[in-house]
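Q: I'm new to reading protein structures. Could you walk me through one, feature by feature?

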Amino acid sequence: MSFRLSQRDKDIIAFINQFRAVDRDSLVDLFFKQLKSPVNACNSVMVRLYRLGLIERTQQYSPTVYLPVDAKIKKNSQKILHFLSILDVYKQMCTYSTPKQVIVEDKPTGRKGGIEPDLFCIFKGSPFWIEIQRNQYSEQKMQAKINLYEEFFFSDEWKSLHWQPEERAPIFPSVILITPVRYAVTSDHIRIIQVVSIHALMEKYKSSAKSQKEARTKTAHSSGEIRINLT
């Protein structure tokens, strides 16, 4: 069978391969929102790509969830909800600024037993490793997770990761814990941010930006634009 894919088709397939599980409504928001009938347009495209064998799907969820053709997760797996949680965090970020260098289930150490953040990205100019806690864990387990980040910090291996800036000193990402429960975890070496959502993170730094702006306007040498660095 010969067929021609549009650039949007290719982008959708690549996005599904990247995020592993993507629901129909997210595809509508990300790829079809500008159209007159976005839901109908999305449904039409996704049925075509499915029939061409370029994507998989599971209708155990409503709306339909799409998977890569070589997905190694069962169509009724709880792992799908995990990937949808990662996608939701990404979508929240996109409402403020499109993240760059996105890596789903990053494994920066390249070996088993190292840190395995759910998501890495550069957001608003700052690098982040993001841990999404859908379940509640013990304080000890969460501190053990932070300790792994500290081990990686002292290894210096992070300084040569491919996304590090070439024109300035390497940056160790801040660690964002997306969690409804606040854990008593600490680190003297890495920055840990605990929030219930990306929206909450941005509200937090919106308040910080306002305070900084008010402080600067009280000085004679205040400059115009203020850039908030989240790291």
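A: Sure! Let's start with a term we'll need: two strands pair if DSSP finds at least two bridges between them. Keep in mind that this is a predicted model.

Q: Okay, so which residue in strand 3 is the bridge partner of Glu56?

A: That's Leu67. Strand 2 and strand 3, the latter covering residues 65–67, run antiparallel to each other and are joined over three bridges.

Q: What is the order of the strands in that open sheet?

A: Three strands take part, in the order 1-3-2, with antiparallel pairing. Strand 1 (22–23) and strand 2 (56–58) sit at the edges, each pairing on one side only.

Q: How many helices and strands does the protein chain have?

A: You'll find six helices and eight strands. Follow the sequence along and the pattern reads α-β-α-α-β-β-α-β-β-β-α-β-β-α.

Q: Now cysteines. How many disulfides does a search of the whole structure find?

A: Zero. To call a disulfide, you need two cysteine sulfur atoms within 2.5 Å. Take Cys121: the nearest cysteine sulfur belongs to Cys94 and is 9.2 Å away, and Cys121 is in no disulfide.

Q: Is Cys121 buried or exposed?

A: The idea is to look at relative accessible area: under 20% means buried, over 50% means exposed. Cys121 counts as buried because its relative accessibility is 0%. Cys42 also has a relative accessible area of 0%, so Cys42 is buried.

Q: What percentage of the residues in the protein chain are buried?

A: Buried residues make up 42% of the 231 in the chain. As for the accessible surface, it comes to about 13,400 Å², and carbon and sulfur atoms hold 47% of that.

Q: What about contacts between residues far apart in the sequence? What share do they have?

A: Look at contacts with a separation of 6 or more: residues 24 or more positions apart account for 51% of them.

Q: Last one: how do I think about pockets?

A: Rolling a probe the size of a water molecule over the atoms shows where empty space is left. Here the largest pocket has a volume of about 350 Å³. It is lined by 15 residues, and those closest to its centre are Asp118, Glu131, Gln133, Tyr137 and Lys145.

Q: Which elements give two or more residues to that lining?

A: Strand 6 (126–132) and helix 5 (139–155) do. Helix 5 gives the most, with four residues.

Technical notes:
Residues numbered from 1 in each chain as written. Predicted model: local features only at pLDDT ≥ 70, side-chain atom pairs only at ≥ 80, totals over all residues. Heavy atoms only, no water. Buried < 20%, exposed > 50% of the residue type's maximum accessible area, 1.4 Å probe, protein only. Contact = heavy atoms within 4.5 Å. Areas by Shrake-Rupley, 256 points an atom, 1.4 Å probe, with all protein chains shown as cover. 1 Å grid on protein atoms, 1.4 Å probe; cavity = no way out; pocket = protein on both sides within 12 Å on 5 of 7 lines; lining within 4 Å. Points joined across faces, edges and corners; volume = space filled by probe spheres on them.
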